[in-house]
Amino acid sequence: MKYLFPLLAFFFLTVAHPVFADDYARGMSFYEDKNYVQALPLIERSAKEGNAQAQYRMGVIYDHGYGIKKDFKQAFYWYALSAKQNEKKAQFNLGNMYQYG
């Protein structure tokens, strides 16, 4: 029983983590093809896992309404999370939202 936690930690660090990283790459492939319906859940999952680039992309999706209704509050939320991780494009877009509303 005492080896269960290290074994689970090893699994998630070696096996599960690359799956989530792959979600963002697959999501961006759909995004670049303008297939936002398939892109959104993959990018969102990666964003919720803390991927700063995915968080930025979620901000862009909500900001411009790519495949969903525009929602500036959600865009602000995702830009802010990404900006806290020093994602420069998110910081720029967040600054624009502060300046222009």
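## Reading the contacts, rings and burial

Me: Which residues does R57 touch, leaving aside its neighbours within four places in sequence?
Reply: In this predicted model, R57 is in contact with M28, Y31 and I43 once those neighbours are set aside. R57 itself sits in helix α3, which covers residues 52-64.

Me: Why is R57 said to have no salt bridge?
Reply: A salt bridge needs a side-chain nitrogen of Lys or Arg within 4 Å of a carboxyl oxygen of Asp or Glu. For R57, the nearest side chain of opposite charge is E32, and E32 is 6.9 Å away. That is outside the cut-off of 4 Å, so no salt bridge is assigned to R57. R57 is nevertheless buried.

Me: Good to know. How many aromatic pairs does the structure hold?
Reply: There are 6 aromatic pairs. One of them joins Y31, a contact of R57, to Y36.

Me: What makes the pair of Y31 and Y36 edge-to-face?
Reply: The label edge-to-face is for planes over 60 degrees apart, in rings whose centres lie within 6.5 Å. Y31 and Y36 have 5.5 Å centre to centre and 70° between the planes, so the pair passes on distance and counts as edge-to-face on angle. Y31 and Y36 are both buried, and together with Y66 they form one aromatic cluster.

Me: Why is the pair of Y56 and Y79 called tilted?
Reply: Here the rings are 6.1 Å apart, centre to centre, with 35° between the planes. Stacked would need under 30 degrees and edge-to-face over 60, so 35° leaves tilted as the label. Both Y56 and Y79 are buried.

Me: What does the pair of Y56 and Y79 tie together?
Reply: Y56 belongs to helix α3 and Y79 to helix α4 (residues 72-84), so the pair links parts that are 23 residues apart in sequence.

Me: And A25: why is it called partly exposed?
Reply: Buried means under 20% relative accessible area and exposed means over 50%. A25 has 45%, which lies in between, so partly exposed is the right term. A25 lies in helix α1 (residues 4-32). From A25 to A39 is 14 residues in sequence and 9.6 Å in space, C-alpha to C-alpha.

Me: How do you know what pattern the chain follows?
Reply: The chain has 5 helices and 0 strands, and along the sequence that reads α-α-α-α-α. Of its 101 residues, 35% count as buried. The accessible surface comes to about 6900 Å², with 61% of it belonging to carbon and sulfur atoms.

How values were computed
Residues numbered from 1 in each chain as written. Predicted model: local features only at pLDDT ≥ 70, side-chain atom pairs only at ≥ 80, totals over all residues. Heavy atoms only, no water. Helix = DSSP H or I, 4+ residues; strand = E, 2+ residues; numbered from the N terminus. Buried < 20%, exposed > 50% of the residue type's maximum accessible area, 1.4 Å probe, protein only. Lys, Arg positive; Asp, Glu negative; His and termini not counted. Contact = heavy atoms within 4.5 Å. Areas by Shrake-Rupley, 256 points an atom, 1.4 Å probe, with all protein chains shown as cover.
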